[in-house]
Structures are given as C-alpha cells and as structure tokens.
Amino acid sequence: VCLPTKIEDGPKDAYVLVNSDAAFNCTVSLPWTIIIWIMNKTPVLTVTPERPIITSPQFGQRNYTTAQTFTSELIISAVTLKNNATVECSLQTDGSQQANLFVQVEGTLFFESKILSVVTNHSTDVICKAEGWNPEPTITWTINQTTVHSESYTTIISPPSGHLYTAVSTLNLTLSAEAEVTCLAAIKALPQPKNASLYITVKPVSQDRTWLIVAIVVPIAVVLLLIILIVVIAFCIKWNKHSESSYHDEIR
C-alpha cells in the first residue's frame, strides 16, 4: 500500500534581524515527490528528489533524511524588511503548511545625558533613547539588576520615519545609595535585550550648596541694587535742587 505523503512538521514563525539569515524547516513523510517553498504566494524554491530548483541567489536549501522522513530547510540570506512575508511549504496536492517571517531592525540605545551623581533622596529624571528600531522596542529599566516598576517611568514612541521607530523613556529616579541604572530595549529577534548602563553615585544634601549660594547671593544683589538706586535718586534730587537755587540766585 502506497501511503500519501504528508507534512509531519511544518515551518514555524521566525523573528530575524535585518541582514541576517532566516531558516524554515519542512519535514515530510516518505516517499515524497516535490516540495515547493512559497513566499507571499510566489514560488521561490522547488525541491525534487533529484535536485533543488532555485529562482534567486537569496534562497537556498539544505536537506536531512531519516528512515521515515525527509526535511527541507529553506534558507533566506541577508533578509530585508521587504522579506516580511508568509512562508509556505507546499506538497501541491498533498497539503501545505505556512508560517510568518518577521524581519526586525536593532537600533541604537543611549542616555541623552550621562548623570554620574545625584543628591541623596532627591528626585532626578534619567532619559534613555532608543533610535532606529523596527518594530517599536519595549523599554524597561533595572536598578542594581532589579526590575523597576512601570509606574516609575514613561515611554513615548515617535511615529515611524522610513519604517524606523524612536522611543524616549524617562525614569524618575530617587536614590539613597549608589546604584547601577540600566535601560533595556527588547524586540523578539534579539535573544537578549540591548542595554545601556550608568553607575550613579549619591552625595549628601550638604555637599550640594548651589541652592544655598543662590539663596544668599540673590537677596544681597537685590538689596545692593536698591541701595544704588536710592543713592542715584537722592543724588538726582539734590542736584536738581542745587540747580534751581543757582538759577534763582542768578535772576536776583
């Protein structure tokens, strides 16, 4: 009895960074006659027992055989955002299975200003920027490798420019001791989130005397200006009186 060929294990969704290679496996039962790989309804590679038929140098294949199955591995080289597509393994009349290829872009991640120290128990905003990502990244924060609650920061995603997103995340930070502050950006194509870190020290309130200097200097400056203004006004009044007196003496 000749059993019909069937797909034992079809392709799975893949999340791949741009310019990387993507791979999809399709395992079929024996015997088999033809496997056709289709992207967005267009055949890109045909596999027969004799040889593969390749339509573009971007597509290639490897195969693996066991006593009961044959596996075709479709390899898509140097993927671009244009390769976002549905990928289908077809046996023509014996069925098909499909998956999705998601091509993603890893952008940059950096702090807009590198804060090295803060005043103990004083609130400070730390701003982290993720630029040039697709899709929009998920931003999270840690302090000393402990996840920060989402209520402590806000993230704004800008509309895409040329299919690339920018995210700006602001962490409201209050420290009582030195800490490592880390901003993380995640997309599914990255096995681990991209991260940027700051090591921030704290200083007691007494060491930050800027507010005290301002509080002392500004009132003194105001008083001095008032004194100068009063002296000038007094001088002008006295001079005017002297001028009037001299004028009356001349008339006499």
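**Exercise 1. Describe where Thr27 lies, whether Thr27 is buried or exposed, and which residues Thr27 touches.**

Step 1. Start with the element: Thr27 belongs to strand S3 of this predicted model.

Step 2. Next, the accessibility. Thr27 has a relative accessibility of 14%. The cut-off for buried is under 20%, so Thr27 counts as buried.

Step 3. Now list the contacts, leaving out residues up to four places away in sequence. Thr27 touches Lys6, Ile7, Glu8 and Asp9, and also Thr69, Phe70 and Thr71.

Step 4. Put Thr27 back into its strand. S3 covers residues 22–29, and six of these eight residues are buried, so the strand is largely enclosed by the rest of the structure.

**Exercise 2. Find which strands pair with S3, and give one bridge partner for each pairing.**

Step 1. Look at strand S1 (residues 7–9). S1 and S3 run antiparallel and are joined by two bridges. Here Ile7 has Val28 in S3 as its bridge partner.

Step 2. Turn to strand S8 (residues 69–76). S8 also runs antiparallel to S3, and eight bridges join the pair. Ala23 is bridged to Ile75 of S8.

Step 3. A general reminder helps when you trace these pairs on screen: strands of a sheet pair through backbone hydrogen bonds, either parallel or antiparallel.

**Exercise 3. Work out the surroundings of Ser72.**

Step 1. Ser72 sits in strand S8.

Step 2. With a relative accessible area of 0%, Ser72 is buried.

Step 3. Setting aside neighbours within four places in sequence, the contacts of Ser72 are Phe24, Asn25, Cys26, Ile35, Trp37, Val47, Gln61 and Arg62.

Step 4. For a distance check, take Cys89: it is 17 residues from Ser72 in sequence, and the two C-alpha atoms are 9.2 Å apart.

**Exercise 4. Trace the pairings of strand S17 and the turn of its hairpin.**

Step 1. S17 (residues 164–173) pairs with S13 (residues 124–133) in the antiparallel sense, over nine bridges. In this pairing Thr124 faces Leu173 of S17.

Step 2. S17 also pairs with S16 (residues 153–161), again antiparallel, over seven bridges. Ile156 has Val168 as its partner in S17.

Step 3. Two residues separate S16 from S17 in a hairpin, and Gly162 in the turn has a positive phi of about 60 degrees.

**Exercise 5. Give the strand order of the open five-stranded sheet and identify its edges.**

Step 1. The order is S12-S19-S18-S14-S15, with mixed pairing.

Step 2. The edge strands are S12 (117–119) and S15 (146–147), each pairing on one side only.

Step 3. Within the sheet, S18 (residues 179–186) and S19 (residues 194–203) are antiparallel partners over seven bridges. Leu184 stands opposite Asn195 of S19.

Step 4. Val119 is part of edge strand S12. Val119 is nevertheless buried, at 10% relative accessible area.

**Exercise 6. Locate the cis peptide bonds before Pro31 and Pro135 and the positive phi values of Lys41 and Ala78.**

Step 1. Keep the usual pattern in mind: most residues other than glycine have a negative phi, and most peptide bonds are trans.

Step 2. The Leu30 to Pro31 bond is cis, with omega near -5 degrees. Pro31 lies in the loop between S3 and S4 (35–39).

Step 3. The Asn134 to Pro135 bond is cis as well, with omega near 0 degrees. Pro135 lies in the loop between S13 and S14 (138–143).

Step 4. Lys41 has a phi near 70 degrees. Lys41 falls in the loop between S4 and S5 (42–47), and is exposed at 80% relative accessible area.

Step 5. Ala78 has a phi near 45 degrees. Ala78 falls in the loop between S8 and S9 (85–90), and is partly exposed at 38%.

**Exercise 7. Decide how the overall form of the chain compares with a compact globule.**

Step 1. Count the elements: the chain has one helix and 19 strands.

Step 2. The radius of gyration is 36 Å, well over the 18 Å that the globule rule gives for 252 residues, so the chain is more spread out than a compact globule.

Step 3. The C-alpha atoms fill a box of roughly 145 × 50 × 25 Å along the principal axes. For a single pair, Val119 and Pro31 are 88 residues apart along the chain, with their C-alpha atoms separated by 73 Å.

Step 4. Finish with burial: 35% of the 252 residues count as buried.

Key: Residues are numbered from 1 along each chain as its sequence is written. This is a predicted model: local features need pLDDT of at least 70, side-chain atom pairs count only at pLDDT 80 or more; totals for chains, interfaces and linings use all residues. Side-chain values use heavy atoms; hydrogens and water are left out. Two strands pair if DSSP finds at least two bridges between them. Helices (H or I, at least four residues) and strands (E, at least two) are DSSP runs, numbered from the N terminus. The radius of gyration is taken over C-alpha atoms; the globule rule is 2.2 Å times the number of residues to the power 0.38. Buried means under 20% relative accessible area, exposed over 50%, partly exposed in between (1.4 Å probe, protein chains only). Contact means heavy atoms within 4.5 Å.
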